[in-house]
Amino acid sequence: MRPSLKDRGTLTDVAKAVGVSVASVSYAFSRPELLSTKLREKILATARSLNYPGPNPAARMLRTGFAGSIAVVYASPLYHVFQDPAAAAFLSGVAEACSERRLGLLLLQCGAGYESIIRSAAVDGLIIYTMPKHAATIQTVMDRGLPMVVVDQFLLPNVPFIGIEERAAARACAQHARDLGHRRFGIVTFPLHSDGYSGPIDKKRLEKACFEVARRRMQGYLGAIESGGTKTSVNMWECLRSSEEDGRTAAEYFLAKKPRPTAILATSDRLALGVMEVARSYQLRIPEDLAVVGFDDIPAARMSAPQLTTVGQPFEEKGRAAVAALLKEKGPLRTILPTSLIVRQSSDPAALRGCLKSHSCPSKAVEQKAG
């Protein structure tokens, strides 16, 4: 039977049983180097026998002013972190940086009903990741008065920002497709708003988007498609999530158009991979009949057949930079990390022919400098 809270011993109980001071018992848990191995083992064994779990973290935070942990506040449901390779890679970088500094890491979800958790979390700082603009959670975080860092989304005055040049990177993708001769485009994006809509969109909805990353990438695509004076056409679709399933739904919409697009640009690799699945079911050749371009360069982009043209960005480095900025270790107020346009088989017929001849296709990368 699990002991109740009433059955738990206290710091004083352990000290009396061992015959040492209360401070010595505390050191056994928090500063073991101050005690001999034999004494510490005796104290810990006695604590276990008395069902004493150790000093209360909240009490220690009140006493020292530090919790020894930071939090990542995430806009989507927390399970999405473990399903989405891009989010998981970012979190891996955060976790690595925390491990190096012996810090704990909490994952917190934003949204209605979660504000009390954010207000009470025992942390020393918060990293705001993929948060919609004007979210009520932002004010909740700011009201805590703790150090904070924004990653990938909006800018806040005097708050460190870590991200990439989303528009420039997306523009390079679309320009690559235009340079190959494409003039009819489809663009599929993960959510622009938090209203649960999925379907065709226009520029008015795009300009009012509350998710900055999606808006900037879409603007980058459109900027290249509509420049140059050559007549082009474009249709846009907004998805509920960034998933292969949502990419398949968007592809069904685009490929039913007459005339259909000859190039589809996606704001994530997972959406692009879903598009390619449907294209193959339509017996379309990629890239001869339909070029497909993604964004992020997740591992599946390199393993798909054909391999996916995409934008590579340093997710792990982004996570490490966020922790460093949170702890004010180094770096400017705005940290912009580099991206690269990685041209592979899904958009480049020359790359595809090279693979068929050699049975191996090293990616051709073009650096897209932030600016």
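In helix α6 of this predicted model, the buried residues are A86, A87, A89, F90, L91, G93, V94, A97 and C98. These side chains have plenty of company: the buried residues of α6 pack against β1 (69-74), α5 (79-83), β2 (104-109), β3 (126-129), β4 (148-151) and α15 (315-326). A look at the spacing of the buried positions is helped by a simple rule. An α-helix has 3.6 residues a turn, so residues three or four places apart point the same way. The length of the helix can be checked too. Helix α6 covers residues 85-100, and at 1.5 Å a residue its 16 residues should span 22 Å; the C-alpha atoms at its ends are 22 Å apart, so expectation and model agree. Just after α6, R102 takes a positive phi of about 60 degrees.

One of the buried residues of α6, F90, leads on to the aromatic rings. The structure holds five aromatic pairs. One of them joins Y74 and Y129, whose rings are stacked, with 5.6 Å from centre to centre and 15 degrees between the planes. Because Y74 belongs to strand β1 and Y129 to strand β3, this pair ties together parts that are 55 residues apart in sequence. Y129 also pairs with F90: the ring centres are 4.1 Å apart and the planes meet at 10 degrees, so this pair is stacked as well. Here the link runs from F90 in helix α6 to Y129 in strand β3, distant parts of the chain that are 39 residues apart. Through these ring pairs, Y74, F90 and Y129 become a cluster. Are its members buried or exposed? Residues under 20% relative accessible area count as buried. Y74, at 3%, is therefore buried, Y129 is buried at 5%, and F90 is buried with a relative accessible area of 1%.

Strand β4, which packs against the buried residues of α6, leads to a further set of strands. β4 and β5 pair in the parallel sense over two bridges, and V150 stands opposite F161 in β5. Strand β5 (residues 161-164) also pairs with strand β12 (residues 334-337), again in the parallel sense, over four bridges. In this second pairing, the bridge partner of I162 is T335 in β12. In a regular strand the side chains alternate between the two faces of the sheet. Strand β5 shows the pattern nicely: F161 and G163 point one way, I162 and I164 point the other way, and all are buried.

Elsewhere, five strands form an open sheet in the order β7-β8-β6-β9-β10, with mixed pairing. Its edge strands, β7 (199-200) and β10 (291-293), each pair on one side only. Strands of a sheet pair through backbone hydrogen bonds, either parallel or antiparallel. Within this sheet, β6 (residues 184-189) and β8 (residues 233-238) pair in the parallel sense over six bridges, and T189 stands opposite E238 in β8. Helix α12 (residues 244-255) packs on the sheet, where it touches β6, β7, β8 and β9, and its direction makes about 150 degrees with that of β8. Helix α11 (residues 212-225) lies across β6, β8 and β9 (263-266), running at about 175 degrees to β6.

Two arginines add detail to the picture. The charged end of R217 sits over the ring of F295, at 3.8 Å from the ring centre. R205 is found in helix α10 (residues 203-207). Which residues does R205 touch, not counting those up to four places away in sequence? They are H193, D195, Y197 and E238; E238 is the residue of β8 that stands opposite T189. With a relative accessibility of 19%, R205 counts as buried, since the limit for that class is under 20%.

A wider view puts these details in place. The protein has 16 helices and 14 strands, and of its 371 residues, 50% count as buried. Among contacts with a separation of 6 or more, 68% come from residues 24 or more positions apart. The stacked pair of Y74 and Y129, 55 residues apart in sequence, and that of F90 and Y129, 39 residues apart, give a feel for what such links look like.

Conventions. Residues numbered from 1 in each chain as written. Predicted model: local features only at pLDDT ≥ 70, side-chain atom pairs only at ≥ 80, totals over all residues. Heavy atoms only, no water. Expected span 1.5 Å × (residues − 1). Buried < 20%, exposed > 50% of the residue type's maximum accessible area, 1.4 Å probe, protein only. Contact = heavy atoms within 4.5 Å. Pairing = 2+ DSSP bridges. Axes fitted to C-alpha atoms, helices over the stretch in contact; angles between N-to-C directions. Phe/Tyr/Trp six-rings, centres within 6.5 Å; stacked < 30°, edge-to-face > 60°. Lys NZ or Arg CZ within 6 Å of the ring centre and 35° of its normal.
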